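Subject: Structure for you to look at

Hello,

Here is the structure I promised to pass on. Please open it and keep it beside you while you read my notes.

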Amino acid sequence: MSHRQIRSLKSRSRGDEGFTLAEVLVSMFVLTTGLLSLAGVFSLAMATTQTSQLDLTAKQMASETMESIFTARQTSAIPWSGIQNATAGGIFLAGFNPIYLAGADGLIGTADDSAAGLRTVTLPGPDGIVGTSDDITMPLTNFQRKIDITPVTDANGNVATDLRSLTITIQYNVPQTTVKKNYILTSYISQYR
């Protein structure tokens, strides 16, 4: 055999040897990193899916509270001076409070709400249809509401007597964590309809 033929055989046999240990370790590291990242994204997606019902409930409670305040102004059920927190001479409770049904005055977030009882949500039962006998009623004991009604000032620091700032905060616990989540809805309300 000639010298060229021997070299040709050696070069072919090197290509057929396979992967080195270093190449296998690097590829395993890259594959493991990718799989762990994928598992993290999957767990985050599962947690988000499980809390979406709570997020939707919080959003609905905040919107309902805001609508109640605007309805009180629209219908003149209470005077403009009453659309304030109780600490400022109005009728809306300050600080975090349980979420009750509207009391005798028909307004959400006032002192008479506690007599009406805790607010509940009806969820579909195993059949997936709301309004059937297997529905599940869930009290909103996991939720609290805070209504902040504050005066608005102009650029010179003067209080606008016909305008107020509304901030509705719904606070709730997520079962998977100990952290409280907040849903905040902010708007302005004018004395004028």
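Ser-76 sits in the loop that runs between helix 2 and strand 1 (96-98). Its backbone deserves a look. Ser-76 is not a glycine, yet its phi is positive, at about 60°. Is Ser-76 buried or exposed? Neither label fits. Its relative accessible area is 40%, so Ser-76 is partly exposed. Please remember throughout that this is a predicted model.

Phe-92 lies in the loop between helix 2 and strand 1 as well. Its surroundings are quite another matter. Phe-92 has 0% relative accessibility, so it counts as buried. What does Phe-92 touch, leaving aside neighbours within four places in sequence? The list includes Ile-78, Gly-82, Ile-83, Gln-84, Asn-85 and Ala-86. It also includes Ile-108, Gly-109 and Thr-110. Ile-69, Ile-147 and Ile-149 complete the set. Look at Ala-111 too. Phe-92 and Ala-111 are 19 residues apart in sequence, and their C-alpha atoms are 7.2 Å apart in space.

Now the whole chain. How many helices and strands does it have? There are two helices and six strands. Starting at the N terminus, the order is α-α-β-β-β-β-β-β. Both helices are therefore passed before any strand in that order, if you read it with strands and helices taken as DSSP runs numbered from the N terminus.

Next, the overall dimensions. The radius of gyration of the chain is 31 Å. A compact globule of 193 residues would have one near 16 Å. Along the principal axes, the C-alpha trace spans about 110 × 60 × 30 Å. Of the 193 residues, 24% count as buried. The chain exposes about 12600 Å², and carbon and sulfur atoms supply 60% of that area.

Then the charges. The chain carries 14 positive and 15 negative side chains. The centres of these two sets lie 18 Å apart.

Contacts also reach along the sequence. Take the contacts in the chain with a separation of 6 or more. Residues 24 or more positions apart account for 49% of them.

On to the inside. The largest nonpolar core has 24 residues. Which of them touch the most other members? They are Ile-69, Ile-83, Phe-143 and Ile-170. Helix 2 (21-74), strand 4 (143-153) and strand 5 (159-173) each give two or more residues to this core. Helix 2 gives the most, with seven.

Ile-69 is a good place to start. It belongs to helix 2. Its relative accessibility is 0%, so Ile-69 counts as buried. Not counting neighbours within four places in sequence, Ile-69 is in contact with Ile-83, Phe-92, Ile-147, Ile-149, Leu-166, Ile-168 and Ile-189. Pick out Ile-147 from that list. Ile-69 and Ile-147 are 78 residues apart along the chain, while their C-alpha atoms are separated by 9.9 Å.

Phe-143 comes next. Set aside its neighbours within four places in sequence again. Phe-143 is then in contact with Leu-54, Thr-57 and Ala-58. Pro-98 and Ile-99 are further contacts of Phe-143. So are Ile-170, Gln-171 and Tyr-172.

Thr-169 is in strand 5. Is it buried or exposed? Its relative accessibility is 7%, and the limit for buried is under 20%, so Thr-169 counts as buried. Beyond its neighbours within four places in sequence, Thr-169 is in contact with Phe-96, Gln-144, Arg-145 and Lys-146. Asn-182, Tyr-183 and Ile-184 are also in contact with Thr-169.

Last, Leu-118. Where is it? Leu-118 is in the loop between strand 1 and strand 2 (120-123). At 36% relative accessibility, Leu-118 counts as partly exposed. Leaving out residues up to four places away in sequence, Leu-118 touches Pro-98, Ile-99, Tyr-100, Leu-101 and Thr-141. Leu-118 and Pro-139 are 21 residues apart along the chain, and 6.7 Å separates their C-alpha atoms.

Best wishes

Conventions: Residues are numbered from 1 along each chain as its sequence is written. This is a predicted model: local features need pLDDT of at least 70, side-chain atom pairs count only at pLDDT 80 or more; totals for chains, interfaces and linings use all residues. Side-chain values use heavy atoms; hydrogens and water are left out. Helices (H or I, at least four residues) and strands (E, at least two) are DSSP runs, numbered from the N terminus. The radius of gyration is taken over C-alpha atoms; the globule rule is 2.2 Å times the number of residues to the power 0.38. Buried means under 20% relative accessible area, exposed over 50%, partly exposed in between (1.4 Å probe, protein chains only). Contact means heavy atoms within 4.5 Å. Accessible areas come from the Shrake-Rupley method with a 1.4 Å probe; for residues, only the protein chains shown count as cover. Lys and Arg count as positive and Asp and Glu as negative; His and the chain ends are not counted. The place of a charge is taken as NZ of Lys, CZ of Arg, CG of Asp or CD of Glu. A nonpolar core is a set of buried Ala, Val, Leu, Ile, Met, Phe, Trp, Tyr and Cys residues joined through side-chain atoms within 4.5 Å.
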